[in-house]
Amino acid sequence: YIFNDLRDREEDRAHPKKSQRPIAKGEISPSEAIVLFVVLAAVGLAAAFFLQRGFFLAALVYFILQVAYSLKLKQVVILDIFVIAAGFVIRVVAGGLVIGVPISSWLLICTMLLALLLSMGKRRHELTLLEDRAIEHRPILKEYSAYLLDQMIAVVTASTLIAYCLYTISPETVEKFGTSNLVWTAPFVLYGIFRYLYLVHLKGKGGSPEEFIIQDKPMLLNIVLWILAVILVLYLRK
């Protein structure tokens, strides 16, 4: 993130929120940012190496991917969105490796689709928020339009819901949990997706999904109800 902010400091100054970041605002000089980047990267990768070798490889791949994204890949249309989504998938893989939990293919599929949805929502937010100044902030936005992103979001939204439903009724899941009733948790997933689309399209949010997910009370309530539904289904599976 430090490296990316360093590379984008001029473009970030054209963004109403990112212009307040320390590097873009001038509170941290480029030379200081470089030192922070090198030191934190070295310490982080060294810690990952001693923690678990598989985790280190995942962290190294993530690190290289993010550097490549900051240098070039963010300027390649559509691929930029996939790189962002891939970052989320690598985090999930790294988490599974470090705690020794088998990683389900369904988890990877659902994570990738959900990450694509969030990435596209973020691009759409930037495009509509900045309007004519969007290209100044992120040149790749000239390759996108709100209509194109809406079409892509529609495809990914349907795919995400279908993938989750298939996961709940797959033989692997039924055998593991001893029930096929997890499919009844799908309405909460559908509501969560619809609520996200509502916030992106009508409330102009989507720039920081983690922020509005925490701040939006209906979304928080839906997440809590989904968790309770899962617990209830698993507890009453017999």
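This short talk covers two helix pairs in a predicted model.

Ground rules. Residues count from 1 along each chain as its sequence is written, and side-chain values use heavy atoms, without hydrogens or water. As the model is predicted, local features need pLDDT of at least 70, side-chain atom pairs count only at pLDDT 80 or more, and totals for chains, interfaces and linings use all residues.

Helices here are DSSP runs (H or I, at least four residues), numbered from the N terminus. Axes are lines fitted to C-alpha atoms over the stretch in contact, with angles from 0 to 180 degrees between N-to-C directions.

First pair. Helix 5 spans residues 53–71, helix 6 residues 79–99. They pack at about 165°, axes 9 Å apart. That makes helix 5 roughly antiparallel to helix 6 (the cut-off is over 145 degrees). The crossing is left-handed (near helix turned anticlockwise from the far one by less than a right angle). Contact means heavy atoms within 4.5 Å. On helix 5, the contact residues include Phe55, Tyr62 and Tyr69; on helix 6, they include Ile84, Arg91 and Val98. By class, that contact has 13 nonpolar, 3 polar and 2 charged residues. Nonpolar covers Ala, Val, Leu, Ile, Met, Phe, Trp, Tyr, Cys and Pro; charged covers Asp, Glu, Lys and Arg; the others, Gly among them, are polar.

Second pair. Helix 9 is residues 146–169, helix 11 residues 186–202. Their axes come within 9 Å and cross at roughly 165°. Helix 9 and helix 11 are therefore roughly antiparallel. This crossing is right-handed (clockwise). Among the residues that meet are Asp150 and Tyr164 in helix 9, and Leu190 and His201 in helix 11. That contact divides into 9 nonpolar, 3 polar and 1 charged.

Note on methods: Helices (H or I, at least four residues) and strands (E, at least two) are DSSP runs, numbered from the N terminus. Angles under 35 degrees count as roughly parallel, over 145 as roughly antiparallel, 65 to 115 as roughly perpendicular and the rest as oblique.
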